[in-house]
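Subject: Structure handover

Hi,

Here is the structure I promised to pass on to you. Have a look at it first, and then read on for my notes on what turned up.

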Amino acid sequence: KYFKLVVDNLDNDPLNILKIGSYQSIEYRSINPYLQNPHPTIKQKDSAKESFVEIVWPGDFHVDKLRFNIDAPKFYNRNVRIYLPKVKDGSLTGFGDPIGFFTVKSGTENSVDFPRIKTDKLYCVIENGDNPPLQIKEVVADQVSFSAIAYLEKDKSYSLLLDDSLAIAPN
């Protein structure tokens, strides 16, 4: 009648299990394929021609998409570069390599998708040219939502194994 699920992930990051249930028919459609990560803190420093934005989360999170909510100016069209910080021997040593390029424009969603990364910090460089700097209200980070669906039988033991570098993804 009931199943007990014990997740022993040793020293790995905890799973974020959002719901458990029973599917009567396997016809699963997601309206929004993303889950929103906690809101990061944002530090912005404006200089001549560019704005430097540091985005920091309280821990490491998977990030597949960033959305920028911009308050002002009313009309804008700017190029943005996103960088994953460069770390050497546990110390931050610079911006690192760019992981994404996109344009923010007034009247659009201002989002960028990129291959999944796991991080607690990102840097953005916004090219302002001779325009006033953007006032960023917030940055929202999303990760793609995944579902695990399995048929479980009474009196049997099951394991969910994660972070095995030698494991092969199912087809």
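From the N terminus on, the elements run β-β-β-β-β-β-β-β-β. That comes to 9 strands and 0 helices. Keep in mind while you browse that this is a predicted model. The average pLDDT is 83, and 85% of the residues score at least 70. If you compare the elements by mean pLDDT, S4 comes out highest with 95, while strand S6 (residues 91–94) is lowest with 67.

Some overall numbers next. The protein has 171 residues, and 25% of them are buried. Its accessible surface is about 13,000 Å², with 51% of that belonging to carbon and sulfur atoms. If you take the contacts between residues at least 6 apart in sequence, 74% of them join residues at least 24 apart.

Now for the inside. The largest nonpolar core is made of 22 residues, and Ile55, Leu66, Phe68 and Ile82 have the most contacts within it. S3, S4, S7, S8 and S9 are the elements that each put two or more residues into this core, and the top contributor is S3 with 7 residues. Ile55 is a good place to start clicking around. Leaving out residues up to four places away in sequence, Ile55 touches Phe68, another of the residues with the most core contacts. Its other partners on that count are Pro40, Thr41, Asp120, Lys121, Leu122, Cys124 and Val139.

Then there are a few backbone spots you may want to zoom in on. The peptide bond from Ala72 to Pro73 is cis, with omega near -5°. You'll find Pro73 in the loop between strand S3 (50–72) and strand S4 (77–83).

Two residues that aren't glycine have a positive phi. One is Asn110, at about 55°, in the loop that links strand S7 (98–105) to strand S8 (111–127). The other is Asp155, with phi near 65°, in the segment after strand S9 (135–144). Buried or exposed: which is Asn110? Asn110 counts as buried because its relative accessibility is 5%, under the 20% cut-off. Asp155 is exposed, since its relative accessible area is 75% and the cut-off there is over 50%.

Another asparagine to look up is Asn128, in the loop between S8 and S9. Asn128 counts as buried because its relative accessibility is 3%. So what is Asn128 in contact with, leaving aside its neighbours within four places in sequence? The list is Lys49, Glu50, Ser51, Arg78, Pro133 and Leu134.

Last, the outside. There is a nonpolar surface patch of about 670 Å². Leu5, Val7, Leu15, Ile17, Ile20, Leu160 and Leu162 make it up. Of these, Leu15 is in the segment before strand S1 (34–36). Leu15 counts as partly exposed because its relative accessibility is 37%, which falls between the 20% and 50% cut-offs.

If you want a short route through the model, try Ile55 for the core, the bond from Ala72 to Pro73 for the cis peptide, and Leu15 for the surface patch.

Cheers

How values were computed. Residues numbered from 1 in each chain as written. Predicted model: local features only at pLDDT ≥ 70, side-chain atom pairs only at ≥ 80, totals over all residues. Heavy atoms only, no water. Patch = residues over 30% accessible without salt bridge, like charges linked within 9 Å, V, L, I, M, F, W, Y side chains within 5 Å. Areas by Shrake-Rupley, 256 points an atom, 1.4 Å probe, with all protein chains shown as cover. Salt bridge = Lys/Arg side-chain N within 4 Å of Asp/Glu carboxyl O. Helix = DSSP H or I, 4+ residues; strand = E, 2+ residues; numbered from the N terminus. Buried < 20%, exposed > 50% of the residue type's maximum accessible area, 1.4 Å probe, protein only. Core = buried A, V, L, I, M, F, W, Y, C linked by side-chain atoms within 4.5 Å. Contact = heavy atoms within 4.5 Å. pLDDT = per-residue confidence, 0-100.
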